[in-house]
Every structure is written in C-alpha cells, then in structure tokens.
Amino acid sequence: MSRPELIAPPEIYYGDIEAKKYTQNTRNQQIQADMTYRALELLNLPPDQPAFLLDIGCGSGLSGEILDEQGYMWTGVDVAPSMLEVALEREVEGDLFLQDIGQGFGFRPGSFDGAISISVLQWLLNAETSHPTSSPPHRLTRFFTTLFSALRNPSRAVLQFYPSSDDQIQLITSIAQKAGFGGGLVVDYPNSKKAKKVFLCLLVGRTDNQQVPKGLEGDEEATSKAQFERRRDRERSRSKSKKKSLKDKDWILKKKELYRKRGKEGVPKDSKFTGRKRRAVF
Amino acid sequence: MVRLITHNLLACHVKNCTVNNFPLEFKNVQLEIREAEFNPDFIRGFLPKLEWKALVDTARQLGDTSLPTEQPEMIDDEFLQNLHHVLLEIHVEEGSMICNNCKHEYPISSGIPNMLLAEHEIA
C-alpha cells in the first residue's frame with residue numbers, strides 16, 4: 001500500500017468521505033492519541049502552567065481533543081476543508097484556520113508557547129505545480145521560518161512525520177536549522193518496523209535544560225500484539241465463513257429482477273432496506 | 001471560531017506585505033457569544049503577548065466597550081472577567097478580515113477563516 005501523500009494533495013485526498021473514514025477509524029484514533037501524548041511529553045512544557053499551543057495540520061481535531069483534555073488552549077491549522085468540517089461537528093475547543101502551511105503563517109512573533117504536529121510534514125515533500133513557490137524546499141523554508149518567529153523564546157516544536165528516505169530527513173533538518181531551530185530527530189522504537197515513530201524535536205532559544213530527549217527503545221508492540229492475535233484470527237475465520245453462506249444485496253436484486261421478468265406475482269419492491277446488513281447477534 | 005485571542009495574533013502574510021499589516025480589520029461580521037470556562041491564570045499569562053490597542057479597537061468595533069483604552073496597571077478580578085469575555089467568548093462566525101495594507105480579504109465561513117493565498121501572493 002502506498003502512502004496517502006503519494007496519491008493526491010491533502011486537501012483533495014482528505015475529501016468528505018476520507019475525512020470521516022479517517023476520523024472514525026478507531027485504530028487511527030488510537031495511534032493519533034498515542035503520538036499526541038508522546039509529542040506533549042517531548043514538548044516538555046512547565047507543569048501547572050496554562051499554555052497556548054499551535055496544532056499544525058490539526059485535521060479533524062483528534063489531537064486537539066487531547067490538548068483540550070490536558071487543559072491547553074490551542075489553535076489549529078489545516079489545509080483540508082472537509083477535515084475542518086468534521087472538527088467543527090466534533091465541537092473541539094480550539095480556533096481553526098484553513099491554511100496551507102507551505103505558504104507560511106501570519107502569526108505575530110512570540111505568539112505560541114509550543115507547537116505540535118502529527119503526521120503532517122511528509123505532505124510538504126511533494127510538488128503540486130511547477131511554480132517556484134510550490135517546490136518542497138521553498139515550502140519547507142517558508143514553513144519553518146514563519147513557525148520559528150511565531151514561537152516564544154524559549155519553547156519547542158514537536159513534529160511527528162513519516163519520512164520515506166534518509167534524504168528527506170536530511171532536507172527537513174537542514175532547512176529547520178537554517179530557519180534558526182536547534183534540536184534534532186527523536187526516533188522511538190528504531191528497531192521495530194511498525195512501532196517506529198520519527199519525531200522532529202525543534203528547540204527555540206537556549207536554556208540549560210534544552211536538550212534533545214532520547215527516543216524510546218525496546219519493543220513495545222510485541223506484547224500488546226500477541227494478546228489479541230488469537231481472538232483476531234477467530235473473528236476473521238468466523239466472519240469469513242458467514243459471508244459465504246449469506247446472499248448479498250446484488251444477488252437478491254438480481255433474483256428479484258429475474259422473477260419480475262418471468263411475470264411472477266408478489267415480488268417485493270426494492271427499497272433501501274433490501275438485503276441490508278443485520279446487527280451481529282450473540 | 002475566530003476569537004479575538006487569535007485575531008490579536010494574526011497578521012497578513014501576503015508577499016511583501018510587511019508594514020501596517022496588523023491588525024486585520026473585520027467586515028460584515030456575524031457574532032456569536034459562547035460561554036467558556038474562566039481561567040484567570042491563563043489570561044494573566046497571556047497579557048504580555050497582547051497588542052492592547054489593537055484588541056481594544058477591534059472589541060469596540062465589534063460592539064464591546066468593557067475594556068479601558070489604556071492597559072491598567074492594577075489587575076483586578078473584574079478586569080480579568082471582562083478580558084476573558086472579549087478574548088474567548090466572542091466568536092466571529094461569518095464575515096471577512098481585510099488587511100489594511102494590501103487589502104487582501106480573508107473570508108470567514110462557519111467560523112473558519114480561509115488563509116489560503118493565490119500563487120502570486122506567496123512569499
């Protein structure tokens with residue numbers, strides 16, 4: 001399966017349907033939540049102090065919900081209108097902006113106490129048009145310079161992303177450094193293929209405890225995976241066997257059409273309930 | 001959900017628009033008042049970040065005159081309450097924001113401002 005950023009630009013890929021799907025998928029929710037908690041941990045904000053954060057690529061507010069829950073004030077930007085619509089429906093607390101981060105922010109200097117971004121940066125790595133302002137280095141430069149000025153000194157920005165090559169990491173970190181950021185990459189579970197997560201931990205200004213944190217090691221997923229393996233297998237086999245015995249909607253419609261053609265009387269009308277799914281019975 | 005707290009941080013980011021690009025001016029706005037939880041610590045911590053004159057002018061334009069023209073030295077509870085109301089409870093639902101310098105218009109629909117720029121406006 002190829003990554004979504006290779007299929008279409010974000011505002012098109014996350015249309016109405018995909019935005020809903022993405023938000024309702026419990027696995028996505030779980031991953032997003034985990035990464036948001038981890039990003040907040042890396043952000044290392046002073047405890048018991050209210051903070052004003054920027055959520056870059058807030059999407060439907062999955063990460064924003066956690067910021068609400070933790071008592072932070074936040075502002076979210078995203079380029080996909082459908083995602084923002086879902087966020088409105090979910091009634092998140094933060095202010096939302098329709099904005100292309102590759103075009104830069106217009107926030108005044110020192111506006112935010114920190115910034116997080118979950119699974120976004122990789123979207124900046126594809127050029128959509130041949131215009132010079134659409135090239136990835138130009139967009140990244142614009143993004144990092146305006147983000148740098150929008151952050152308070154000292155503060156941090158934690159950006160989780162999915163790089164597909166070392167060159168991409170190189171490009172992103174070098175541009176971030178040119179924009180004035182310190183810090184670097186934090187890789188969680190570097191030896192696991194699935195649990196591996198890459199965080200770009202950027203530091204603004206210099207204080208004593210501003211050090212790039214260490215990534216988590218070990219094999220977190222190994223234990224949680226095994227517990228569910230058997231049940232998942234059982235459910236899969238059960239659903240498979242059921243599917244074979246059931247006649248689906250197309251089959252029913254075909255049969256009814258056939259009976260009508262033959263002039264059989266009392267063939268039920270087609271409606272939206274024809275051949276609908278039933279709730280699972282235990 | 002444009003609240004004055006974010007409006008007060010927002011400047012125009014069109015190419016070569018660097019002077020007199022703050023604050024953006026509201027036009028044809030529809031307001032909605034929604035109550036929010038009062039957090040005096042947050043407001044107090046946010047005070048130094050605010051551009052006071054811009055905030056008061058915008059609040060007056062939107063019809064709220066509870067804030068004094070000069071930022072008071074003594075901060076009492078009533079002042080914080082008023083500030084809380086202006087910053088976090090006034091939501092601009094529809095309308096637009098216009099940059100005084102380059103006249104770029106940022107339309108607001110169902111509470112979300114559209115900050116996208118055309119190709120020639122990108123710095």
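How many residues of chain A are in contact with chain B, and how many of chain B with chain A? The close-ups below begin there and then move into chain A.

**View 1. The contact between chains A and B in this predicted model.** Here 24 residues of chain A meet 27 residues of chain B. On the chain A side, the elements that give two or more residues are β2 (73-78), α5 (81-89) and β3 (95-98). Of these, β3(A) gives the most, with four residues. Sorted by class, the chain A side has ten nonpolar, ten polar and four charged residues. For the confidence scores, the model has ipTM 0.90 and pTM 0.80, and chain B averages a pLDDT of 89, with 99% of its residues at 70 or higher.

**View 2. Strand β4 of chain A and its two partners.** Take a look at β4(A), residues 112-118: seven of its seven residues are buried. Strand β1(A), residues 52-56, pairs with β4(A) in the parallel sense over four bridges; in one of the close-up details, A:Ile56 has A:Ser117 as its bridge partner. Strand β5(A), residues 151-161, also runs parallel to β4(A), joined by six bridges. There, A:Ile118 stands opposite A:Gln160. To get from β4(A) to β5(A), the chain passes through helix α6(A), residues 136-150, in a right-handed β-α-β crossover.

**View 3. The largest nonpolar core, with A:Val158 in focus.** This core holds 91 residues, and A:Leu53, A:Ala115, A:Val158 and A:Leu200 have the most contacts inside it. Leaving aside residues up to four places away in sequence, A:Val158 touches A:Ala39, A:Leu42, A:Leu43, A:Ile116, A:Phe199 and A:Cys201. In soluble globular proteins, nonpolar side chains tend to be buried together.

Methods
Residues are numbered from 1 along each chain as its sequence is written. Chains are lettered from A and ligands numbered from 1 in the order in which they are written. This is a predicted model: local features need pLDDT of at least 70, side-chain atom pairs count only at pLDDT 80 or more; totals for chains, interfaces and linings use all residues. A nonpolar core is a set of buried Ala, Val, Leu, Ile, Met, Phe, Trp, Tyr and Cys residues joined through C-beta atoms within 7 Å. A residue is buried if 20 or more other C-beta atoms lie within 10 Å of its own, exposed if 12 or fewer, and partly exposed in between; C-beta atoms are placed from the backbone. Two residues are in contact if their C-beta atoms, placed from the backbone, lie within 7 Å. Ala, Val, Leu, Ile, Met, Phe, Trp, Tyr, Cys and Pro count as nonpolar, Asp, Glu, Lys and Arg as charged, and the others, Gly among them, as polar. pLDDT is the predictor's confidence in each residue, from 0 to 100. Two strands pair if DSSP finds at least two bridges between them. A crossover is right-handed if, with the strands pointing away from the viewer, the path from the first strand over the helix to the second runs clockwise.
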